[in-house]
Amino acid sequence: MAAVHGGDAFGGLGKHEHTILVLQGGGALGAYQAGVYEGLAEAGCAPGWIAGVSIGAINAALIAGNRPEQRLERLREFWNRVSSGIPGILPAYFDPLRLVFNRFSALATATFGAPGFFKPRFPPPFLARDGTPQALSLYDTTPLRETLRELVNFDLINERTARLSLGAVNIRTGNCAYFDNYSEDPRIEIGPEHVMASGALPPGFPPLTIDGEAYWDGGIVSNTPLWYVLDDSRQLNALIFQVDLFSATGGLPRNLAQVLEREKDIQYSSKTRFNTKHFRESAEFNQLLRRLLHELPAKFQHDPDYVRLRELARPANIAIVHMINRRTPASSDVKDYEFSRATVTDLWAAGLNDVRRSVAHPDWRQAMEQEPGVRVFDLTR
């Protein structure tokens, strides 16, 4: 088990030992996470641990792989670069046609790729020889490797100035794998390939081979790294910002496109609800176990089983603050690969605004304070 490191603070308000930023996968929707980070930085947040999957892994690397004063600049550079294919800010009178524009933008991305991120394979994969890298994906992610090398300081990551955890899935075993710069495995030195492995969503993107094993996008198994964070230490004392790109709640679809969008939202948000519920139940069980141990006669207190149970029953002090990218009238089933500058700008602004609304909420201070147990806050509903 890797230890949690980083005695971070949050604007002088909180009493938690650690501040952790957890970033879900969701393609183009990841611009919302960049806005959330700007809001947290504005409020005085310095996360000591950033965990991400897929686009969340890219944002996490951009944060952990730069000094605090450079992080926003690097995030902006990345999101400006990948959204430059269809640039521009749309005037208000264009709003009624926004959904049409967004679909056109997604079609352009699917056809031509995203600058600095991925490009179509030529010749296409069905003309490539079986078993070759060219036969395994629709797009080539070489541009992303170059972008990461330019914008992320991997030496800084491996110096462990902040903890970074990147979720992927081992293709051979089908199991989750996390690349963690605090791992006790001496072979793990985080590089561009680890970030790319976390975001290698098939059949669009090719698998990445690391130390003889091939990996795909971690979102195939679990789109949120929250479970990894919570399992790392059952006695965490932490303030966790969970940034979700798909909303679990939503209305009844009215057409087929909305059916596809709603299916995607439910699919990619389900593990978040499961992990939070499971850990809260575990915390309640530990509380009951502590009460039971307290009732046992003193003669048992030196019994090895008693000592072990007492250690396992130590309380966690966790506050999970949710930031959720919620559906807008311009959303559609293609929202995760719609990279227009207008949409990226809107998503970034939404993330920033959600943090500002949360900070202004009466329950914000309660979330910042340390209390026994697991508490979950959604302050933007």
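This passage describes how helices, strands, aromatic rings and a few unusual backbone positions are arranged in a predicted model.

Helix packing is a good place to start. Two packed helices are described by the angle between their axes and the distance between the axes. Helix α2, which covers residues 55-64, and helix α3, which covers residues 71-82, have axes that come within 8 Å and cross at roughly 140°. Because angles over 145 degrees count as roughly antiparallel, the crossing of roughly 140° leaves α2 and α3 oblique to each other. On the α2 side, the contact is built from Ile55, Ile58, Asn59, Leu62 and Ile63, while α3 contributes Arg71, Arg74, Leu75, Phe78 and Trp79. Sorted by class, the residues of this contact between α2 and α3 comprise 7 nonpolar, 1 polar and 2 charged.

Helix α3 also meets helix α11, which spans residues 341-360; here the axes come within 10 Å and cross at roughly 150°. With the threshold for roughly antiparallel set at over 145 degrees, α3 and α11 are therefore roughly antiparallel to each other. Leu72, Leu75, Arg76, Trp79 and Asn80 of α3 touch Arg341, Val344 and Trp348 of α11. The contact of α3 with α11 divides into 5 nonpolar, 1 polar and 2 charged residues. Leu75 and Trp79 of α3 take part in the contact with α2 and also in the contact with α11.

Trp79 leads on to the aromatic rings. Across the whole structure, a search finds 16 aromatic pairs. One aromatic cluster brings together Phe78, Trp79, Phe117, Phe118, Tyr139, Phe205 and Phe339. Two of its members, Phe78 and Trp79, have already appeared as α3 residues in the contact with α2. Another ring, that of Trp49, has a charged partner: Arg163 lies over its face, at 3.8 Å from the ring centre.

The strands come next, with β8 (residues 213-217) as the common thread. Strand β5, residues 163-170, pairs with β8 in the antiparallel sense over 3 bridges. Within this pairing, Ala168 has Asp217 of β8 as its bridge partner. Strand β7, residues 208-210, is likewise joined to β8. The two strands run antiparallel and are linked by 3 bridges. Here Leu208 is matched with Tyr215 of β8. The hairpin of β7 and β8 has 2 residues between the strands, and Asp211 takes a positive phi near 50° there.

Some backbone details in the loops complete the picture. Arg160 has a phi near 65°, a positive value in a residue other than glycine. Arg160 sits in the loop between α6 (154-158) and β5. Two peptide bonds leading into a proline are cis. In one of them, Phe122 is joined to Pro123 with omega about 0°, and Pro123 belongs to the loop between β3 (119-120) and β4 (139-140). In the other, the bond runs from Pro202 to Pro203 with omega near -5°. Pro203 lies in the loop between α7 (192-198) and β7, the strand that is joined to β8 by 3 bridges.

Technical notes
Residues numbered from 1 in each chain as written. Predicted model: local features only at pLDDT ≥ 70, side-chain atom pairs only at ≥ 80, totals over all residues. Heavy atoms only, no water. Axes fitted to C-alpha atoms, helices over the stretch in contact; angles between N-to-C directions. Helix = DSSP H or I, 4+ residues; strand = E, 2+ residues; numbered from the N terminus. Parallel < 35°, antiparallel > 145°, perpendicular 65-115°, else oblique. Contact = heavy atoms within 4.5 Å. Nonpolar A, V, L, I, M, F, W, Y, C, P; charged D, E, K, R; others polar. Pairing = 2+ DSSP bridges. Phe/Tyr/Trp six-rings, centres within 6.5 Å; stacked < 30°, edge-to-face > 60°. Lys NZ or Arg CZ within 6 Å of the ring centre and 35° of its normal.
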